[in-house]
Each structure stands twice: as structure tokens, then as C-alpha cells.
Amino acid sequence: MFRLTKTSRILGFLGCLGLLVSCSPRVATSFWRIGTPADSTRAGYTVIHAEGKTRHCYPITEWTADPAVDTYHQLHHHGVAVESELMAYRIYFDKKQTIDIYCKRKPQLELATSYWYPNDSLLALGYGDDILRVSGTVGVGSVKYWNSQKMVHIEPVAERSQRIVSQSSTSATIEVAVKGWEIPKSQITNYKSQIVDLAVQYTLRAGHRDMRCNVSLSEAVEGLCTGVQFIPAKSSTHRTPSDTSIIILPNGVLLASWGTDWPVNDSAKYAKETVGLAVFIPKAYAGALVHDKQNNLCLLKGTTPHFYLTCVGATKENHPVATNATEWIIYLRRWAIHLR
């Protein structure tokens with residue numbers, strides 16, 4: 001009679017556990033339209049309690065709308081979102097199209113439960129939360145426009161759209177796009193007026209905190225840019241190397257930011273968060289470096305540039321990859337040197 005030894009049983013258990021882990025989703029998307037109780041017959045309908053409101057929501061995979069439509073307030077968490085076990089990102093569905101970040105205390109998927117706004121009970125269980133006040137900035141890795149003096153949003157446009165492009169247990173891609181973006185001639189030196197279509201796809205992989213960002217333009221745009229915000233965004237323009245950095249690497253340009261700020265206006269309930277942000281632009285797509293009072297930016301070259309973004313919540317995460325600006329730069333150098 002064949003009998004399993006204790007070692008065999010342990011190895012078997014670990015093998016089954018590994019199989020279960022490998023099969024479990026480690027990335028997820030979140031895209032919720034706000035409706036009414038009449039939408040209760042829709043697939044996936046749920047009632048969400050957040051921001052002091054009760055919302056009747058149903059999941060969607062895409063939405064295209066006229067810019068006059070208040071898409072921002074008709075979507076729960078205001079736009080499409082994607083998460084891995086380590087980090088979550090949402091993109092505002094409005095003229096800003098800015099990326100905001102949600103940091104995890106411990107590796108797990110959370111948006112299906114917290115819907116971006118964890119309540120006190122979930123926070124007590126160790127859930128993460130939104131850690132960055134982006135305001136009107138570039139946030140981290142948003143695609144914007146440089147008008148030769150400052151960063152501005154992608155407007156006016158004929159239509160805006162967001163969608164979930166793909167999702168598996170190990171990778172997910174979301175997209176923000178505009179059609180008929182009119183770039184005013186007055187904003188460009190010695191350059192004709194343009195009507196341009198723009199799409200940006202953001203891909204997040206399981207086990208990663210960083211995203212790859214693929215840009216697609218109907219024609220090249222002089223002034224398209226990305227970058228990182230200063231933290232806090234509204235503090236003095238006199239920055240020190242510990243606050244923000246520009247690092248030229250053999251394979252591209254690394255923009256980094258580090259700082260501490262309240263993530264929301266409620267400074268009584270929420271503590272300040274120390275956050276590190278970074279964007280890496282491969283050499284082939286990195287143009288001029290520019291900045292204004294709130295942002296460190298790099299112009300993007302070509303019609304199909306790509307770049308990468310990442311972040312860390314130094315005070316939110318239980319085991320952050322960096323706890324100060326110096327450690328953040330060391331981490332980023334190791335991260336960026338292998339990117340192409």
C-alpha cells in the first residue's frame with residue numbers, strides 16, 4: 001500500500017496552493033456608471049455607499065461621450081480604474097484625463113470591495129486608500145500639452161472616450177482617448193493649427209506597481225508631454241534635489257518627485273501621505289525638458305511614443321520600496337535602466 005510521507009504531503013499542499021495562487025486574478029479593472037434603482041435589472045448592478053452618498057451603479061466596459069456631458073460626475077470613482085496587488089490607478093473622465101493613485105498596505109485586490117473609497121471598517125482591516133492630491137497637475141504619467149509656457153489639459157475636443165481594452169488574471173489594459181482635439185495656433189510657435197486624434201493605453205501587470213503607457217496620435221504634436229507633479233502641488237516653486245529630480249540615463253529620461261501632502265481636503269480624518277512618483281521616457285521618444293510651477297515634464301516625440309510610470313506610498317505601504325527621497329532615486333535607477 002502506497003503512503004505519502006509527511007514531506008510529500010507538505011510538497012503536495014504547497015503545489016496545490018501555488019496552483020490556486022497562479023489561477024487567482026492578480027489584476028482587475030473597475031468602471032462603474034451611476035444610475036438609478038431602475039437599473040437594478042442590469043448585469044452586475046450594485047449599490048455603493050461612498051463619499052457620503054448612496055449610488056446605484058452598474059459596470060461598463062466603455063463609454064464615448066460629447067465633452068459637454070458631465071462624465072466625471074456620472075461615473076463612480078470618476079473614471080476607469082485598474083489595479084494589481086500592489087497599486088491601483090484611475091483616470092479622470094473629463095478634460096484633465098489625469099491619473100490618480102491608490103496605494104495598498106498589503107498585496108491584495110481591493111477595488112471590488114472598496115470601490116476606491118474604503119470605509120472605516122475596511123481601513124481597520126488594512127485596506128489601502130487614495131494617497132495623492134492631483135488637483136490640476138499632471139499627476140503621474142498623464143498625457144498633457146505644453147503651450148510653450150505651462151502645461152494645459154487636452155481640450156477642446158469633439159468627443160472623449162474611456163474603455164477597458166483587455167483583462168486577464170495577469171495583465172489588464174485601459175484606454176483614454178479623444179477625437180477632434182483642436183490645438184489652437186496661438187499656443188504653438190511657428191506651427192499650423194491641428195485637429196488630432198489621441199489615444200493612450202495603460203497596461204498594468206500582476207506583481208507590478210509600474211505601468212507601460214502607449215500613445216497613438218493621428219499626426220505628430222509639437223508640445224505633447226508627460227511627467228510628474230510636485231508634492232505638494234501648490235507649494236513654493238523653490239525646489240530642492242530631494243523634492244524632485246531629472247536624471248538622464250543612457251536609455252532615456254527619468255523624472256522623479258518626492259514629497260508629503262494631505263491626500264484630500266479632510267485633514268482632520270486623514271493624515272498626510274509621503275509619496276514618490278516617477279516617469280521614464282525611452283531615449284527615442286524623449287524631447288525637451290520643461291516645467292511650470294506644479295509639474296516636471298518631458299515632451300514626447302513621434303506619433304507612437306511610449307513611456308512608463310510608477311509610484312510608492314512611503315507612509316501607506318507596510319513594506320515600501322523606498323522610505324525617503326534618496327532610497328526612491330536608488331530604486332528608480334534600478335527600475336529604469338532595463339526599460340526600453
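Colleague: How many bridges join E5 to strand E6, and which way do the two run?

Modeller: In this predicted model, strand E5 is joined to strand E6 (residues 87-91) by 3 bridges, and the two run antiparallel. They make a hairpin, with 2 residues between them. To read such a pairing, look for residues that stand opposite each other: here Ala 81 faces Arg 90 in E6.

Colleague: Which strand other than E6 is joined to E5, and by how many bridges?

Modeller: That is strand E1 (residues 27-34), which runs antiparallel to E5 and is joined to it by 6 bridges. Look at Ala 81 again: this residue of E5 is the bridge partner of Ser 30. So Ala 81 is a handy place to start, with Ser 30 as a partner and Arg 90 opposite as well.

Colleague: Is E5 mostly covered or uncovered?

Modeller: Strand E5 (residues 75-84) is mostly covered, with 10 of its 10 residues buried. Strand E2 (residues 46-50) reads another way: Thr 46, Ile 48 and Ala 50 make up a covered face, while Val 47 and His 49 make up an uncovered one.

Colleague: What does E2 pair with?

Modeller: E2 pairs with strand E3 (residues 53-59) in the antiparallel sense, over 5 bridges. Val 47, for example, has His 56 in E3 as its bridge partner. The two strands form a hairpin with 2 residues between them, and there Glu 51 takes a positive phi near 55°.

Colleague: Let's turn to pockets. Which residues lie nearest the centre of the largest pocket?

Modeller: Glu 51 from that hairpin is one of them, along with Arg 90, Tyr 117, Asp 130 and Val 264; the lining has 30 residues. E2, E3, E5 and strand E8 (129-130) are the elements that each give two or more residues to this lining. The space inside is about 770 Å³. Sorting the lining by class gives 12 nonpolar, 6 polar and 12 charged residues.

Colleague: And what volume does the second largest pocket have?

Modeller: Its volume is about 170 Å³. Among the residues lining the second largest pocket are Gly 136, Lys 150, His 153 and Asp 292. By class, this lining has 2 nonpolar, 4 polar and 3 charged residues.

Colleague: How many disulfides does the structure hold?

Modeller: It holds 0 disulfides. Cys 225 is in none, as the nearest cysteine sulfur, in Cys 298, is 8.8 Å away. Cys 225 is also buried, at a relative accessible area of 0%.

Colleague: Why is there no bond between Cys 311 and Cys 103?

Modeller: The reason is distance: Cys 103 has the closest cysteine sulfur to that of Cys 311, but at 7.0 Å it is too far for a bond. Cys 311 counts as buried too, because its relative accessibility is 0%.

Colleague: How many aromatic pairs are there?

Modeller: There are 7. To read one, take the distance between ring centres and the angle between planes: for Trp 63 and Phe 93 these are 5.7 Å and 75°, so the pair is edge-to-face. Trp 63 is in strand E4 (residues 62-65) and Phe 93 is in the loop between E6 and strand E7 (99-103), 30 residues apart. Both are buried.

Colleague: Why is the pair of Trp 258 and Trp 328 called tilted?

Modeller: Their planes stand at 45°, with the ring centres 6.4 Å apart, so the pair is tilted. Trp 258 is in strand E17 (residues 252-261) and Trp 328 in helix H4 (residues 325-336), so the pair ties together parts 70 residues apart in sequence. Together with Tyr 331, Trp 258 and Trp 328 form one aromatic cluster.

Notes: Residues numbered from 1 in each chain as written. Predicted model: local features only at pLDDT ≥ 70, side-chain atom pairs only at ≥ 80, totals over all residues. Heavy atoms only, no water. Buried < 20%, exposed > 50% of the residue type's maximum accessible area, 1.4 Å probe, protein only. Helix = DSSP H or I, 4+ residues; strand = E, 2+ residues; numbered from the N terminus. Pairing = 2+ DSSP bridges. Disulfide = S-S within 2.5 Å. 1 Å grid on protein atoms, 1.4 Å probe; cavity = no way out; pocket = protein on both sides within 12 Å on 5 of 7 lines; lining within 4 Å. Points joined across faces, edges and corners; volume = space filled by probe spheres on them. Nonpolar A, V, L, I, M, F, W, Y, C, P; charged D, E, K, R; others polar. Phe/Tyr/Trp six-rings, centres within 6.5 Å; stacked < 30°, edge-to-face > 60°.
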